[in-house]
Amino acid sequence: MNKYKCIIFDCDGVLVDSEPISIQVLVDMANELGANIDLAYGMKHFKGSFMKACIEKISLLINKTVPATFENDYRTESFRRFNESMKPIKGIKDVLDRLELPFCVASSGPENKIRLNLELTGLLPYFENNIFSCYTIQKWKPDPAVFLWAAETMGYKPNECLVIEDSLSGVIAAKNGGFDVFGYTEHDSENELQEVATKTFNDMSKLLEMI
């Protein structure tokens, strides 16, 4: 009998391979303002963070406030690039097709971004009525609020749910909420998740074997 009764997936980097795309946009825009950083820096410092925190980091890098239009410009450009090259995480469709437990998505991104990325990758039908965005409740990881909201709405307690995350802030958020959390490590080059996640794995097709 499975220990878990519900699976809560993060979106970016877990369902859709959006992290390198969205973070490259942030890096490019930061560099236009004089930040002089690369994608490796962005993956380390921006991955899993909400936009306000990213903007604050960029402001510190350039030693001035970013333009007021920065977030809107970022959304426009990242959505454009998503439309060009967004792909699902390898193996995730098979996992969702075979998963016999209820599941949902809980993400730091705005709901329109979550829906766009799921639609572009053919995953939206799996999650249509079970999408939870930090923007809706205005609380962001590592605050566990979005996971607690998702679990309660789905009808389960934290200890009955498993969270799948790829960022350190997301893993910490899940742990803060009393959830077990498996860290997906495809882009975790520095093994940040290994010490804090319940388990880690780097092949999405193996997830069903682990639960």
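Six strands make up an open sheet here, lined up in the order 3-2-1-4-5-6 with parallel pairing. The two edge strands are strand 3 (131-133) and strand 6 (199-201), and each of these pairs on one side only. From one strand to the next, the twist averages 25 degrees. Keep in mind that you're looking at a predicted model.

**Inside the sheet**

- Start with strand 1 (residues 6-9), which runs parallel to strand 4 and is joined to strand 4 by 4 bridges. In this pair, Phe9 stands opposite Ile164.
- Strand 4 also pairs with strand 5, again in the parallel sense, over 4 bridges. Here Glu165 of strand 4 sits opposite Gly183 of strand 5.
- Next along, strand 5 (residues 180-184) is linked to strand 6 by 3 bridges, and the two run parallel. Tyr184 stands opposite Phe201 in strand 6.
- So how enclosed is strand 4 (residues 161-165)? Since 5 of its 5 residues are buried, strand 4 is largely enclosed by the rest of the structure.
- The residues of strand 4 point in two directions: Cys161, Val163 and Glu165 go one way, Leu162 and Ile164 go the other, and all are buried.

**The nonpolar cores**

- A bit of background: in soluble globular proteins, nonpolar side chains tend to be buried together.
- In this model the largest nonpolar core has 35 residues, and Phe9 and Leu118 are the ones that touch the most other members.
- Leaving out residues up to four places away in sequence, Phe9 touches a long list of residues, including Val14, Leu15, Ile92, Phe103, Phe127, Ile164 and Leu207.
- There's a second, separate core too, with 21 residues; among them are Cys6, Phe132, Met154 and Phe179.

**Helices 3 and 4**

- Does the length of helix 3 fit its residue count, or clash with it? At 1.5 Å a residue, its 12 residues should span 16 Å, and the end C-alpha atoms are 17 Å apart, which agrees.
- Helix 4 (residues 70-85) passes the same kind of check: its 16 residues should span 22 Å, and its end C-alpha atoms are 22 Å apart.
- Which residues of helix 3 are buried? They are Met51, Ala53, Cys54, Ile55, Ile58, Ser59 and Ile62. What covers them includes helix 1, helix 4 and helix 8.
- In helix 4, the buried residues are Phe70, Tyr74, Arg75, Ser78, Phe79, Arg81 and Phe82. They pack against helix 1 (19-32), helix 3 (51-62), helix 6 and helix 8 (134-137).
- Just after helix 3 comes Asn63, which takes a positive phi of about 60 degrees.

**Two buried loop residues**

- Val66 lies in the loop between helix 3 and helix 4. Its relative accessible area is 9%, so Val66 counts as buried.
- Not counting residues up to four places away in sequence, Val66 touches Leu33, Ile55, Ile58 and Ser59. Val66 and Met29 are 37 residues apart along the chain, and their C-alpha atoms are separated by 10.0 Å.
- Thr121 is in a loop as well, between helix 6 (111-120) and helix 7 (124-127). With a relative accessibility of 4%, Thr121 is buried.
- A polar atom of the Thr121 side chain lies 3.2 Å from the backbone oxygen of Leu118.
- Which residues does Thr121 touch, not counting those up to four places away in sequence? They are Val16, Met86, Lys87, Pro88 and Lys93.

Methods. Residues are numbered from 1 along each chain as its sequence is written. This is a predicted model: local features need pLDDT of at least 70, side-chain atom pairs count only at pLDDT 80 or more; totals for chains, interfaces and linings use all residues. Side-chain values use heavy atoms; hydrogens and water are left out. Buried means under 20% relative accessible area, exposed over 50%, partly exposed in between (1.4 Å probe, protein chains only). A polar contact is a pair of N or O atoms within 3.5 Å; within protein, one must be able to donate a hydrogen and the other to accept it, and residues adjacent in sequence count only if both atoms are side-chain atoms. Contact means heavy atoms within 4.5 Å. Two strands pair if DSSP finds at least two bridges between them. Axes are lines fitted to C-alpha atoms, for helices over the stretch in contact, and angles run from 0 to 180 degrees between N-to-C directions. The expected span of a helix is 1.5 Å times one less than its number of residues. A nonpolar core is a set of buried Ala, Val, Leu, Ile, Met, Phe, Trp, Tyr and Cys residues joined through side-chain atoms within 4.5 Å.
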